[in-house]
Structures are given as structure tokens and as C-alpha cells.
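Student: Could you take me through the inside of this protein, with a close look at its main nonpolar core? I would also like to hear how a few other spots compare with that part.

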Amino acid sequence: MDRYARWNALLEMLTDSGRVSVEEAAERLDVSQATIRRDFDQLAQQQMITRTRGGAVANGVSYDLPLRYKTAKHSAEKQRIGTAAAALVAPGTVVGLNGGTTSTEVARALAVRPDLNTSAEGAQLTVVTNALNIANELLVRSRMKVVVAGGVVRPKSFELVGPLGGALLREVTLDIALLGVDAIDPQLGAAAHHEGEAAMNNLMVARAKRVVIIADSSKLGGHAFARICPVDRVETLVTDSGAAPEVVDAFRAAGVHVICA
């Protein structure tokens with residue numbers, strides 16, 4: 001387990017119990033107590049936890065982990081989801097793509113598709129995104145046209161939010177929006193923890209002919225603070241094979257096409 005995966009696991013333990021000892025964390029993660037002490041010290045320096053004698057306590061917040069700490073969680077599932085979602089994109093279309101780890105896997109899958117990158121006449125695909133890391137993934141690995149919405153950067157997700165980006169999104173039309181979310185429920189719809197991200201995603205939904213939600217099975221049936229869109233606006237949900245059958249059935253009953261990668 002690498003450092004970021006450990007940090008993710010430690011923060012989840014603290015979210016669940018509020019307090020974790022060095023000894024307990026070392027036993028659960030099968031690493032040395034010295035390693036856990038270093039991890040706790042580094043997390044405390046970033047003000048994500050509070051160190052105590054012999055352990056750590058949560059800071060009393062619901063953790064929105066920085067993107068670079070989330071990459072190890074459900075990574076295999078997200079790669080499969082990314083490949084399946086990218087397969088829904090046709091050459092010559094305009095694609096909206098937001099930020100997040102699953103969206104990053106979609107961008108990587110799009111970047112290596114030969115049919116989207118082989119035209120001598122110019123870009124085969126236009127991608128509109130509000131995430132700096134997504135733009136970078138595509139710029140360095142493909143010949144697509146990349147349009148970046150403006151705004152203020154959220155360091156945790158690399159996404160741009162606010163009215164500057166909204167002004168651009170209102171002036172474009174998307175053939176398909178591929179959106180990562182923090183939660184999606186058959187009744188409540190798709191949602192994000194941060195209201196600024198939800199607002200930008202909502203604008204992409206409004207400008208898109210087709211809306212595809214990309215979410216691993218841990219996010220299905222959950223809820224988050226700010227709604228992105230109702231479920232009747234979602235054409236397709238791409239998730240992983242770990243999704244509970246009854247949850248998948250509930251989405252299909254709501255009229256959503258479900259792909260389990």
C-alpha cells in the first residue's frame with residue numbers, strides 16, 4: 001500500500017470512529033507503528049487531522065480528500081468505467097467532462113483511442129472541461145481540441161468553479177456530457193459535495209444532448225450536499241460490476257440505461 005492509499009484509509013478510519021490510535025492503525029493496515037506516526041504527522045501538518053498522544057482525532061469535518069489522495073481507491077473499477085464510458089463517444093463530437101478520479105480515467109481512455117486522434121484535417125474530438133488535470137491529460141497525449149472553462153481553482157479537485165466558467169458553458173452545446181459525481185440515487189438524482197462543482201456540472205447538463213453519469217458502485221444510492229441534476233435527465237449510468245443488483249434495477253426502473261463495466 002502506497003502513502004496516498006494509507007492516508008486515504010487513515011482518514012476513512014477517522015471519519016468512521018473520530019479517533020484512531022497508532023497501534024490500531026498499524027495493525028489494520030499491516031504496517032509499522034513508525035510508518036503510521038509519520039503518516040499522522042504529515043496529515044496533521046496539512047491540517048487534515050489533529051495529533052494526540054498515541055494517535056490522532058478527526059478535525060470534525062466530512063473529508064473531501066484532495067484528488068491526488070483518492071487515486072488508489074477503487075482504481076481497477078474506475079479504469080474499467082473509464083474505458084466503457086469513453087466507448088460511448090463518437091468521433092467528431094463535442095464532449096463535456098468534469099473533474100475527479102473517474103473522469104480522469106475517461107480522459108485517458110479517450111486519449112488513446114486511435115479513431116479520435118488520426119485525422120490529418122485536425123482534431124477529431126472537442127472536449128470542454130472545467131478541470132485542469134483533465135485538460136493536461138488530453139493535451140499531452142492526444143490531438144484533440146480542448147476547451148477549458150474559466151473560474152477559480154479548487155485545489156482539492158483541480159476543478160474551476162464560479163461565474164467565469166459558467167459564462168463560457170452557457171455559450172456552447174455539448175453532444176454528450178460525461179460527469180463524475182459524489183453520489184447518485186434513483187430518487188434524488190446526481191449530486192456533489194461542493195456546491196460550486198455542482199453548479200458547473202449542472203450547466204454542462206443543461207447544455208448537453210446526452211448525459212452520462214460515471215460512478216463506481218460505492219457512490220450508488222448515496223447522497224451529497226448539492227444536486228447536479230434529477231435522475232430523469234440522466235440517459236446512461238456507467239458503473240462497475242460490484243453494483244448491487246437491486247440498486248441497478250432501481251435505476252433501470254427510473255428509465256436510466258445502466259452499463260456495469
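Tutor: Happy to; we will start in the core and then visit some other places along the chain. Please keep in mind that this is a predicted model.

The largest nonpolar core has 33 residues. Within this core, the residues with the most contacts are Ile184, Ile213, Ile228, Leu237 and Phe251. Several elements build the core together: strand S9 (174–180), strand S11 (189–192), helix H9 (195–207), strand S12 (208–214), strand S13 (226–229) and helix H10 (245–253) each supply at least two of its residues. The biggest share comes from H9, which gives five residues. As a bit of background, in soluble globular proteins nonpolar side chains tend to be buried together.

Let us look at one of those well-connected residues. Setting aside residues up to four places away in sequence, phenylalanine 251 touches Ile184, Asp185, Pro186, Leu220, Val231, Leu237, Val256 and Val258. Two names in that set, Ile184 and Leu237, are also among the residues with the most contacts inside the core. There is also a second core, separate from this one, with 26 residues. Among its members are Val89, Leu110, Val127 and Leu178.

Now to the cysteines, which may interest you at the bench. How many disulfides does the model hold? The count comes to zero disulfides. Cysteine 229 is in no disulfide, and the nearest cysteine sulfur, that of cysteine 260, lies 19 Å away. A disulfide is counted here when two cysteine sulfur atoms are within 2.5 Å, so the 19 Å between the sulfur of cysteine 260 and its closest cysteine sulfur, in cysteine 229, is too far for a bond. The surroundings of the two can be told apart as well: cysteine 229 has 2% relative accessibility and therefore counts as buried, whereas cysteine 260, with a relative accessible area of 37%, is partly exposed.

Just past S13 you come to arginine 233, in the loop between S13 and strand S14 (236–239). This arginine 233 counts as partly exposed because its relative accessibility is 28%. Leaving out neighbours within four places in sequence, arginine 233 is in contact with Val205, Ala206, Ala208, Lys209 and Val211. Its C-alpha atom is 14 Å from that of isoleucine 214, and the two residues are 19 residues apart along the chain.

For a contrast, turn to threonine 129 in strand S5 (residues 126–129). Is threonine 129 buried or exposed? Its relative accessibility is 0%, so threonine 129 counts as buried. Apart from neighbours within four places in sequence, threonine 129 contacts Leu97, Asn98, Ile134, Ala135, Val146, Val147, Val148, Ala149 and Met204. Between threonine 129 and phenylalanine 225 there are 22 Å, C-alpha to C-alpha, for 96 residues of separation in sequence.

Next comes asparagine 59, in the loop between strand S3 (55–58) and helix H4 (67–70). At 30% relative accessibility, asparagine 59 counts as partly exposed. Not counting neighbours within four places in sequence, asparagine 59 is in contact with Gln47, Met48, Ile49 and Thr50.

Two loop residues are worth a look for their backbone. Aspartate 30 is not a glycine, yet has a positive phi of about 60°. Aspartate 30 sits in the loop between helix H2 (22–29) and H3, and is exposed, with a relative accessible area of 70%. Phenylalanine 158 is not a glycine either, and has a positive phi of about 65°. Phenylalanine 158 belongs to the loop between strand S7 (152–154) and strand S8 (159–161), and its relative accessible area of 29% makes it partly exposed.

Finally, a meeting of two helices. The axes of helix H1 (residues 3–17) and helix H3 (residues 33–45) come within 11 Å and cross at roughly 75°. H1 and H3 are therefore roughly perpendicular to each other. On the H1 side, Arg3, Arg6, Trp7, Leu10 and Leu11 take part, and they meet Thr35, Ile36, Asp39, Phe40, Gln42 and Leu43 in H3. The residues of this contact divide into six nonpolar, two polar and three charged.

Definitions and conventions
Residues numbered from 1 in each chain as written. Predicted model: local features only at pLDDT ≥ 70, side-chain atom pairs only at ≥ 80, totals over all residues. Heavy atoms only, no water. Axes fitted to C-alpha atoms, helices over the stretch in contact; angles between N-to-C directions. Helix = DSSP H or I, 4+ residues; strand = E, 2+ residues; numbered from the N terminus. Parallel < 35°, antiparallel > 145°, perpendicular 65-115°, else oblique. Contact = heavy atoms within 4.5 Å. Nonpolar A, V, L, I, M, F, W, Y, C, P; charged D, E, K, R; others polar. Core = buried A, V, L, I, M, F, W, Y, C linked by side-chain atoms within 4.5 Å. Buried < 20%, exposed > 50% of the residue type's maximum accessible area, 1.4 Å probe, protein only.
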